[in-house]
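Take a look at the model below. The walk-through starts at one ligand, moves to another, and then turns to individual residues.

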Amino acid sequence: MYRVLKREQIVPNIHLLVIETNNIHKNAKAGEFVVVRVDEEGERIPLNLVDWDEKSVSVIFMEVGTSTRKLGALKEGDVIETLAGPLGRPTEMIEDKSIICIGGCYGIGALYPVIRAFKQNRNRVITAVEGRSSFLLYWQKKLQEYSDELYEITRDGTKGYEGHINVFLEEYMKDHKVDLIYCQGCTYLTFFVSQITKSMGVKTIVGLNPIMIDATGMCGVCRVIINGETKFACVDGPEFDGHAVDWPNLLARRHTYHSQEQKSLSFYECERYG
Amino acid sequence: MAEKLKIVPKKTPMPEQPAKERVKNFEEVPFGYSEADAIVEAQRCLQCKKAPCIAGCPVEIDIPGFIKYIAEGDFVASIKKLKEKNVLPAVCGRVCPQETQCEIVCTLAKKWEPVAIGRLERFAADWEAKQGESPIPGSLPSTGKKVAIIGAGPGGLTVAGDLIKLGHGVTIYEALHKPGGVLVYGIPEFRLPKEIVYREVDYLVRSGVNLVLDFVVGKTATIEQLFEEYDAIYIGTGAGLPWFMNIPGENLNGVYSANEYLTRSNLMKAYLFPQYDTPIVRGKYVAVVGGGNVAMDCARTALRLGAAEVHIVYRRTKAEMPARMEEIHHAEEEGIIFDWLTLPIKYTGDERGWIKEMECIRMELGEPDASGRRKPVPIKDSNFISQVDVAVCAIGQSPNPLILQTTPDLKAGKWGNVEADSKTGKTSKKGCWAGGDVVRGGATVILAMGDARFAARSMQEYLETGVW
Ligand SMILES: Cc1cc2nc3c(=O)[nH]c(=O)nc-3n(C[C@H](O)[C@H](O)[C@H](O)COP(=O)(O)OP(=O)(O)OC[C@H]3O[C@@H](n4cnc5c(N)ncnc54)[C@H](O)[C@@H]3O)c2cc1C
Ligand SMILES: Cc1cc2nc3c(=O)[nH]c(=O)nc-3n(C[C@H](O)[C@H](O)[C@H](O)COP(=O)(O)OP(=O)(O)OC[C@H]3O[C@@H](n4cnc5c(N)ncnc54)[C@H](O)[C@@H]3O)c2cc1C
Ligand code: SF4
């Protein structure tokens, strides 16, 4: 059992959750994740670590289905059943390079420890956060601390660049040279970014989010095809070269339980709200 | 000879759920012996002076000893005798392959059916459970030494049981959110109710074992980091890495590893979805590839999840199947269809990425291979296609590389296993022992427990003398 120290909605549908533990901080590194299970009936779901210290870890999550809905209903002082980590391979560190770091939805939070580590390794960090509208962007101040440049992109143009991430990337890349593009967020964003940067010929690392259960290499549900080879995202990833990912396969696998997920959510809502 | 007259040639039968009924539920198949059944069966034992059955048991249970007490109706003494050597009698009574361990060497087995040792073991343990919480045996005074055990499978639990009695401080670190290893995530409820495993773990916890869940050694802390706190470490992390066949279409939706399929159903209780949140695909036409206990468990789970037709696809014949006879028999009774001498070579999917068909090739048995079994070879142009909506790959597993990758001075064996001395369980790293599936690859519960028993002895010696 792990105590919830804080649960706060940051922007609509996206929450920060701080959970008490003194086990995870010792080995935690940027790019790693934890597995949480809310209650006895709950699923095990992976969430990126966004911060940690001797007493707690923090995650940022987006409410999409039953598990994240349950997480969203937690209050300070509640407990969750399972918290395991850190899991996965950390972000591969490089030094003295120029890196564009892109985040969307929960990935904006997931960027935080990664840009911190990039910055501490003397990289030039260009951070770009994107969302449907300005009210869905968050943590710009926190990110600014470790960014040399920070850009905002909104689809409705209420802040920064108007349109999708490609608008920013195409313009920025016209007169800048970067060594790496790094991206965290939903599968569509990581896919889209990989498509764009492929034609630009810039190495691109993306955090993938296939379905997982144990997240220690035991079940194999998170398998992804990288350069034609099957890898387990939980132990071989979750970060991979975006140009080597078999995207159609990943997108299809993410939808395996689509109809059950809907059933689960309506079951949960009926139980909860009658 | 008067003695001969006393011999009852056959085992006392054990009542069980009829096949037609049980395929609709996840409840345990056999009901177990009544007190009267158990006494009758126990009386079949000849109480051999040089009991060959004891030598057949990897944890050296005093078999005639515990059986004698049952024959006399003294069940308290019987379970006490069992627990002297086995911390998991209710588990072993159910899942051990007695037919190749103790029963095969039973004196009676020369001419008749052996004593039903497994059923009697199960009886004694279940009888005790019915009496309420079992008393905890006394431990020796604290030695001040601390031992870490990695993995709460049958091996790790056995080491914990042995070392706690000797007065050491024992902590088990388990990656998952429930203890028990394969007993909990792999073996289905209808073969081994999880309550039984939790009861046996609870007994250890009440004896003073510290159980830490959600702790992935190699990630949460490395073995090296654990040594800052512990005097000795036992690695009992099992063989949890599932194998795939590397054939086209294996990453389609609806294609599972046995580990995933069973973990969803057992550990996460997907068979109770949506009361439990974890889903599982309830296939109509299910193919399970493989011929071991794991394949039988997957096939029988698929039936219970409502499949209309379940096939076991195995590349050799029934005679070569590594599964326990009892499991094959149960699967046959339940209507599982066996496709012998058949090898899948390809899965094809629909436009949404879901498995639709499986292409197989027929095999025939050729020359014996290294294992002494005749090697299956494909028959040319014998390919055929069948319709499936779930396929489960149950062809084997090997140890998870996490521990080896994060412990540089731990020597690896040929196929990713941890190398350990077969008599003591000592690894190449000082203060570190290993046993069970992480050393042997997929083996059995009782072999894991046997390794654990030997390692615990060696660990005790080391903790006492400091000599490696
Ligand atoms: C390594 C890793 C790290 C992750 N880190 C985070 C994180 O830091 N924060 C976070 O919020 N999520 C993260 N995810 C995704 C997260 O695990 C899932 O969102 C979660 O499992 C959803 O569970 P659920 O029961 O709420 O929704 P489900 O019922 O499983 O899904 C509901 C619906 O939403 C869709 N969906 C699920 N997840 C996403 C998504 N991420 N983007 C778009 N659609 C989605 C599903 O396809 C489905 O249609 C991560 C995933 C992985 C593998
Ligand atoms: C489906 C199935 C059916 C079977 N049926 C039978 C049967 O009928 N009879 C029989 O005798 N045998 C059977 N077996 C085999 C038997 O279950 C195993 O041989 C036995 O469980 C091995 O015990 P173990 O203690 O070595 O490891 P396991 O039972 O595998 O336990 C290892 C434990 O270590 C944990 N772990 C792994 N890595 C880490 C880490 N890094 N940090 C912390 N913890 C970790 C795992 O989560 C697990 O809980 C079956 C196996 C399967 C898969
Ligand atoms: S070998 Fe058979 S008959 Fe002899 S003691 Fe063991 S169980 Fe009894």
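Which atom of ligand 1 is 3.2 Å from an N or O atom in the side chain of A:Glu43? An oxygen atom of ligand 1 makes that pair. Keep in mind that this is a predicted model.

Stay with ligand 1. A second acidic side chain also reaches an oxygen: a polar side-chain atom of A:Glu261 lies 3.1 Å from an oxygen atom of the ligand. The nitrogen side of the ligand is served too. One of the nitrogen atoms of ligand 1 is 2.7 Å from an N or O atom in the side chain of A:Asn48. Ligand 1 on its own has 900 Å² of accessible area, and the protein covers 88% of it.

Now widen the view to the shell. Ligand 1 is surrounded by 24 residues. A:Asn48 is among the closest, together with A:Pro46, A:Met62, A:Thr68 and A:Arg254. Four elements of chain A each supply at least two residues of this shell: strand E4 (45-48), strand E6, helix H1 (66-72) and helix H8 (258-273). E4(A) gives the most, with four residues. As for the site itself, ligand 1 takes up the space of the second largest pocket.

Chain B is next, with ligand 2. How many residues surround ligand 2? The count is 34, and the closest are B:Val95, B:Gly155, B:Glu174, B:Arg191 and B:Val217. One of these makes a side-chain polar contact. An N or O atom in the side chain of B:Arg191 is 2.9 Å from an oxygen atom of ligand 2. Backbone atoms take part as well. B:Ala175 places a backbone N or O atom 3.1 Å from a nitrogen atom of ligand 2. B:Ala443 has a polar backbone atom 3.2 Å from an oxygen atom of the ligand. Taken alone, ligand 2 exposes 1,000 Å², and the protein buries 95% of that. The elements giving two or more residues to its shell are helix H9 (154-165), helix H14 (293-304) and helix H18 (445-465) of chain B. H14(B) provides the largest share, three residues.

Go back to chain A and strand E6, one of the elements in the shell around ligand 1. This strand spans residues 56-62 and holds A:Val57. Is A:Val57 buried or exposed? Its relative accessible area is 1%, under the 20% cut-off, so A:Val57 counts as buried. Its contacts beyond four places in sequence include A:Leu17, A:Val18, A:Ile19, A:Ile24, A:Leu49 and A:Trp52. A:Asp51, A:Thr21 and A:Leu83 are on that list too. A:Ala28 offers a distance check: it sits 29 residues from A:Val57 in sequence, and the two C-alpha atoms are 9.5 Å apart.

Follow one of those contacts, A:Thr21. This residue is found in the loop between strand E2 (14-20) and strand E3 (33-37) of chain A. Its relative accessibility is 7%, again under 20%, so A:Thr21 is buried as well. A polar atom of the A:Thr21 side chain lies 3.1 Å from the backbone nitrogen of A:Asn23. Leaving out residues up to four places away in sequence, A:Thr21 touches A:Asp53, A:Glu54, A:Lys55, A:Ser56, A:Val57 and A:Leu83. A:Leu83 is thus in contact with A:Thr21 and with A:Val57.

Finish with the backbone. In chain A, the peptide bond from A:Gly237 to A:Pro238 is cis, with omega near 10 degrees. A:Pro238 is in the loop between helix H6 (233-236) and strand E17 (239-241). In chain B, a cis peptide bond joins B:Phe273 and B:Pro274, with omega about 5 degrees. B:Pro274 is in the loop between helix H13 (258-267) and strand E7 (285-289).

The loop between H13 and E7 of chain B also holds B:Lys269. B:Lys269 is not a glycine, yet its phi is positive, about 60 degrees. B:Gln47 is another non-glycine residue with a positive phi, near 55 degrees. B:Gln47 is found in the loop between helix H3 (35-42) and helix H4 (52-56) of chain B. Its relative accessible area is 32%, which makes B:Gln47 partly exposed.

Conventions:
Residues are numbered from 1 along each chain as its sequence is written. Chains are lettered from A and ligands numbered from 1 in the order in which they are written. This is a predicted model: local features need pLDDT of at least 70, side-chain atom pairs count only at pLDDT 80 or more; totals for chains, interfaces and linings use all residues. Side-chain values use heavy atoms; hydrogens and water are left out. Buried means under 20% relative accessible area, exposed over 50%, partly exposed in between (1.4 Å probe, protein chains only). Contact means heavy atoms within 4.5 Å. A residue is near a molecule or strand if one of its heavy atoms lies within 4 Å of it. A polar contact is a pair of N or O atoms within 3.5 Å; within protein, one must be able to donate a hydrogen and the other to accept it, and residues adjacent in sequence count only if both atoms are side-chain atoms. Accessible areas come from the Shrake-Rupley method with a 1.4 Å probe; for residues, only the protein chains shown count as cover. On a 1 Å grid over the protein atoms alone, a cavity is a set of points where a 1.4 Å probe fits but cannot get out, and a pocket is an open set with protein on both sides within 12 Å along at least five of seven lines; lining residues have an atom within 4 Å of a point. A molecule sits in a cavity or pocket if more than half of its atoms lie within 2 Å of its grid points.
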